[in-house]
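Good morning, and thank you for joining. I would ask you to look at the structure on the screen while I describe how its parts are packed together.

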Amino acid sequence: MANSLFRTKKVDSILAEGGDGEHGSGLKRVLSVKDLTFFGIAAIIGAGSFSSLGEACFKGGPGVVVLFIICGIACAFTAFCYSEFASRIPVAGSAYTYAYASFGELFAWIIGWALIMEYSIGNIYVAFSWSDYFTSLLHKINVHIPDYLTCSYLEAKKAVANASSNTELINAWNSAPVMGGLRIIFDLPALIINGLITILVYIGIKESRNFSNAMVILKLAVVALVILVGAAYINTDNWFPANDAGVPSFMPNGFGGVMAAVSGVFFAYIGFDAVSVLAEESKNPQRDLPKGMSYSLVICTVVYILLALVLTGVVNYRQFEGVGDPLAKIFEVKGVGWMQMLVAACAVIAMTSVMLVFQMGQPRIWMSMSRDGLLPPVFQRIHHKFKTPSFATILTGVVVGVPILFTDKSFVLDFTSIATLFAFVLVCGGVLLLPRREKQPGRFNMPYINGQFIYPVIVLGALVILLVFADNYFADLFNYDFSANADYKEGSVTFMDLAIPKISLIIFWLTCLILSAMTVVKKYSLIPLMGVTTCLYLLTGMTKSNWVWFLGWLAIGLIIYFMYGYRKSKLATAP
């Protein structure tokens with residue numbers, strides 16, 4: 001059984017299904033480098049910059065810029081690995097297909113299941129954020145939707161239970177109509193935008209492309225205006241606020257505070273890998289997909305760093321606590337009303353384009369899994385007129401729409417980030433397993449840098465620096481006596497809440513040492529090695545609740561796999 005769980009799919013077999021441009025897959029090849037770059041920007045610049053960036057700035061202070069750089073570097077290494085896979089295996093399916101060719105079927109299923117969290121569940125957060133900005137925009141023109149139709153049931157219930165000062169949520173609970181003892185509270189704008197996006201994606205890739213490109217140009221122009229206008233209000237003293245000891249610091253909450261913002265910051269980068277899902281609709285995927293991912297990633301990293309510097313420079317970072325519209329917040333504080341209106345309008349546009357790209361990605365992953373027999377054949381059904389995955393597209397709309405009725409933003413944010421980082425680790429690790437190949441003209445070729453000695457030196461150098469300059473780093477790492485922790489004494493955190501970050505770091509360093517030893521023997525390439533390392537490090541910032549929900553989700557996925565996919569897999573039924 002063990003061998004069958006890790007059975008790999010041959011690249012030639014994958015290409016024969018339509019991804020190499022020589023066989024018809026039924027999807028229209030209409031996307032150029034510009035289109036792919038715009039799709040990447042459309043996915044990246046959205047809810048991360050317009051919503052989760054505020055909470056990230058509050059946790060990390062101005063030093064959150066460092067985390068954006070770390071995440072940008074991790075994503076850059078990962079983009080190289082995605083590009084290498086996309087060049088070799090230019091088919092829809094993204095990390096799922098790549099894992100099938102490298103790690104085998106079990107890991108392919110795990111990644112495919114995890115990507116549902118990135119695309120579908122991630123879109124729930126985007127829908128909520130879109131609704132917040134859309135409702136705010138309507139308020140500015142004196143159009144008001146009842147509060148119980150602009151938030152989720154769970155948000156309103158929590159607000160009442162915690163005696164929140166949020167008057168809109170309290171009013172939503174108190175004013176909601178009651179049927180059968182249940183208060184009717186749901187986010188109507190979020191449901192409507194999900195339905196409209198599903199229809200647009202169902203109609204076709206060309207229509208979606210044109211819509212996305214127009215929105216990207218508009219929102220980049222407005223983001224640039226936000227940076228330029230905001231720069232005029234920067235007070236550099238805000239970049240060095242006083243910490244708890246009263247000492248001015250770029251990282252007022254320490255590096256631990258910066259890492260605490262990893263979910264929000266990394267969520268801002270989710271989306272660049274969605275470009276790889278569009279392989280079978282790209283004119284020249286071997287050349288264009290790597291360029292599209294790389295260009296969009298570089299552009300967005302620069303934008304995020306500038307936005308973080310402007311936000312934390314205009315107002316003190318503490319003012320972003322609980323703020324869901326940080327870009328509008330800075331102009332509200334400074335009394336720049338016209339920019340408030342413009343930012344709200346831009347946010348609606350930005351997050352519409354994010355939903356569009358995510359809603360396009362999920363059906364194509366399901367289509368690839370269905371081709372392999374891991375899901376029923378209906379998931380690969382192509383509409384005869386629109387040439388899109390019809391059933392999978394409709395189901396994606398349902399998967400996003402139904403949870404909008406009973407979940408909230410904070411849960412979805414952490415749930416999505418950990419799944420994506422996990423997929424990134426496996427993609428980078430998968431490249432290490434690929435055999436080296438000769439360079440081919442007209443295709444992306446990832447540079448081979450022998451990590452035999454460089455990588456071990458980097459790891460050992462990092463350990464030496466920590467031993468010399470980070471006092472008690474390793475002593476604290478192995479210290480599990482939390483009796484002096486005030487939160488632990490009060491019972492607001494458990495032993496595992498405090499122990500999980502330490503356990504994650506121990507596993508991280510052990511993995512680095514094991515990879516160093518293997519690299520000396522196998523001469524692994526440095527770029528995927530660094531991709532695995534940086535993404536693993538970002539995973540150390542996840543909390544206990546993140547891991548519990550993620551592992552629970554994987555357990556459900558494995559049950560489905562063994563009940564259906566393992567038996568129905570085409571590799572299992574092949575002669």
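Let us begin with L67: beyond its neighbours within four places in sequence, L67 is in contact with V258, M259, A261, V262, V265 and L538, where contact means heavy atoms within 4.5 Å. I should say at once that this is a predicted model, in which local features need pLDDT of at least 70 and side-chain atom pairs count only at pLDDT 80 or more, while totals for chains, interfaces and linings use all residues. Residues are numbered from 1 along each chain as its sequence is written, and side-chain values use heavy atoms, with hydrogens and water left out.

L67 also appears, with F50, F68, Y96 and V265, among the residues with the most contacts inside the largest nonpolar core, which has 164 residues. Such a core is a set of buried Ala, Val, Leu, Ile, Met, Phe, Trp, Tyr and Cys residues joined through side-chain atoms within 4.5 Å; buried means under 20% relative accessible area, with a 1.4 Å probe and protein chains only. Helix α7, residues 105-140, gives the most to this core, with 20 residues. A second, separate core of eight residues includes A156, A159, A172 and I185.

Next, helix α6. Helices are DSSP runs (H or I, at least four residues), numbered from the N terminus. All eight of the eight residues of α6, residues 95-102, are buried, so this helix is largely enclosed by the rest of the structure. After α6 comes G104, with a positive phi near 115°.

Finally, of the 575 residues of the chain, 56% count as buried.

Key: Buried means under 20% relative accessible area, exposed over 50%, partly exposed in between (1.4 Å probe, protein chains only). Helices (H or I, at least four residues) and strands (E, at least two) are DSSP runs, numbered from the N terminus.
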